[in-house]
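Biologist: I am new to reading protein models, and I would like to learn on one small piece. Please pick a single part, take a close look at how it sits against its surroundings, and then show me a few other spots in the same way.

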Amino acid sequence: MKIHQKLISHLALCLTFLMSMLTACTSSPPNSTSSPASNVDSASTAATGESKILIAYFTAAENSGEGVDAVTTASYSTINGKAIGRLRAIADMIAEGTGGETFSLQTSVVYPQDIGELIDYAAQEQSEDARPELVSRIENPEDYDVIFVGYPNWWADLPQVLYTFFDEYDFSGKTIIPFNVHNGSGLSRTVQTIQELEPDAAVVEDAFTINEHNMNEAAGEVAAWLDGLDY
Ligand SMILES: Cc1cc2nc3c(=O)[nH]c(=O)nc-3n(C[C@H](O)[C@H](O)[C@H](O)COP(=O)(O)O)c2cc1C
């Protein structure tokens with residue numbers, strides 16, 4: 001009889017232990033950070049005004065040294081009568097639509113103003129897998145939940161300075177929304193590359209892309225795209 005009672009109480013203890021293990025395994029700890037369920041969901045959260053938005057961009061026009069001739073240099077575009085780097089123009093449109101702050105990626109490299117020389121220089125950087133030094137800094141990166149990241153397509157890839165950028169900043173748990181200007185290649189594989197470089201960020205696949213020859217249609221296209229992302 002006594003042995004029977006002992007066996008039953010032992011079995012009850014085992015059962016309690018198993019139950020508590022099961023509960024522990026199926027529920028998350030109170031402050032665990034789970035990846036956002038879907039990219040669009042986190043972008044929508046941003047649209048409710050709870051999130052702080054940064055619009056980081058790289059344009060050759062703001063990395064080609066002083067005295068750039070905006071009329072003859074290929075990295076400028078004329079939008080609403082203003083000579084401006086294309087990625088800067090798109091960044092400004094996104095800022096207008098979202099209320100976010102813009103941030104220009106600036107390097108210590110002075111990129112050639114001559115388009116032929118720039119093409120060769122960028123090819124060399126890419127073949128060396130270079131990390132051009134970033135000299136501009138985001139003051140409080142932890143403050144931002146959503147980071148729009150804009151870049152030109154360079155040799156069917158991100159400009160190498162974007163690799164420096166993603167090396168230097170850890171955007172885990174944040175939403176990254178890419179935007180790009182190109183002259184035929186679109187985004188190439190850049191969105192997947194960003195996801196690989198920031199594995200714990202939610203990288204929105206519905207990135208914005210526009211051909212440099214269609215810049216005069218950009219304002220409407222950016223507005224429609226932001227609308228689709230619920231901004
Ligand atoms: C070095 C370099 C490489 C480029 N490679 C590509 C390319 O592979 N595919 C493409 O579609 N456009 C390419 N382009 C065109 C740029 O993506 C396009 O001109 C873009 O508008 C540049 O943006 P920005 O003027 O704001 O710097 C290249 C331009 C440069 C300067």
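Modeller: Happy to! Let me begin with a ruler: the expected span of a helix is 1.5 Å times one less than its number of residues. Keep in mind that this is a predicted model, and that the values below are computed from it.

Now put the ruler on helix α3, which runs over residues 86-98. With its 13 residues, α3 should span 18 Å, and from its first C-alpha to its last it reaches 19 Å, which is close to that expectation. Just beyond the end of α3 comes Gly 99, whose phi is positive, at about 80°.

Which residues of α3 are buried? For that you need one cut-off: a residue is buried if 20 or more other C-beta atoms lie within 10 Å of its own, exposed if 12 or fewer, and partly exposed in between. By that rule, the buried residues of α3 are Arg 86, Leu 87, Arg 88, Ala 89, Ile 90, Ala 91, Met 93 and Ile 94.

Next, let us see how α3 sits against a partner. Two packed helices are described by the angle between their axes and the distance between the axes. The partner here is α7, which covers residues 218-228. The axes of α3 and α7 come within 10 Å and cross at roughly 45°. How should we describe that angle? Angles under 35 degrees count as roughly parallel and those from 65 to 115 as roughly perpendicular, so α3 and α7 are oblique to each other. The crossing of α3 with α7 is right-handed. On the α3 side, the contact is made by Ala 89, Ile 90, Met 93, Ile 94, Gly 97 and Thr 98, and on the α7 side by Ala 218, Ala 219, Val 222, Ala 223 and Leu 226. Sorted by character, the residues of this contact are 9 nonpolar and 2 polar, with no charged ones. You can also spot Ala 89, Ile 90, Met 93 and Ile 94 among the buried residues of α3.

Stay with α7 for a moment and look at Gly 228, which is found in that helix. Gly 228 has 12 other C-beta atoms within 10 Å, so it is exposed. In sequence Gly 228 is 22 residues from Asp 206, and the C-alpha atoms of the two are 9.2 Å apart in space.

Helix α4, residues 115-127, lets you practise with the ruler again. Its 13 residues should span 18 Å, and its end C-alpha atoms are 18 Å apart, which agrees. Just after α4, Asp 129 takes a positive phi of about 50°. Within α4 you find Glu 125, which counts as buried because it has 20 C-beta neighbours inside 10 Å. If we skip neighbours within four places in sequence, Glu 125 is in contact with Ala 130, Pro 132 and Gln 160. Gln 160 is 35 residues from Glu 125 in sequence, yet their C-alpha atoms are 6.8 Å apart.

For a strand, try Val 149, which lies in β5. With 27 C-beta neighbours inside 10 Å, Val 149 counts as buried. Setting aside residues up to four places away in sequence, Val 149 touches Ala 56, Ile 176, Pro 178 and Ile 194.

Loops deserve a visit too. Trp 155 sits in the loop between β5 and α5, and its phi is near 50°, a positive value in a residue other than glycine. Trp 155 has 15 other C-beta atoms within 10 Å, so it is partly exposed. Ser 188, in the loop between β6 and α6, has a positive phi near 50°. Its 17 C-beta neighbours inside 10 Å make Ser 188 partly exposed.

Finally, step back to the whole protein chain. Its secondary structure comes to 7 helices and 8 strands, and buried residues make up 33% of its 231 residues. Of the contacts between residues at least 6 apart in sequence, 79% join residues at least 24 apart. The contact between Glu 125 and Gln 160, which are 35 residues apart in sequence, is a nice pair to find for yourself.

Note on methods
Residues numbered from 1 in each chain as written. Predicted model: local features only at pLDDT ≥ 70, side-chain atom pairs only at ≥ 80, totals over all residues. Helix = DSSP H or I, 4+ residues; strand = E, 2+ residues; numbered from the N terminus. Contact = placed C-beta atoms within 7 Å. Axes fitted to C-alpha atoms, helices over the stretch in contact; angles between N-to-C directions. Parallel < 35°, antiparallel > 145°, perpendicular 65-115°, else oblique. Left-handed = near helix turned anticlockwise from the far one by under 90°. Nonpolar A, V, L, I, M, F, W, Y, C, P; charged D, E, K, R; others polar.
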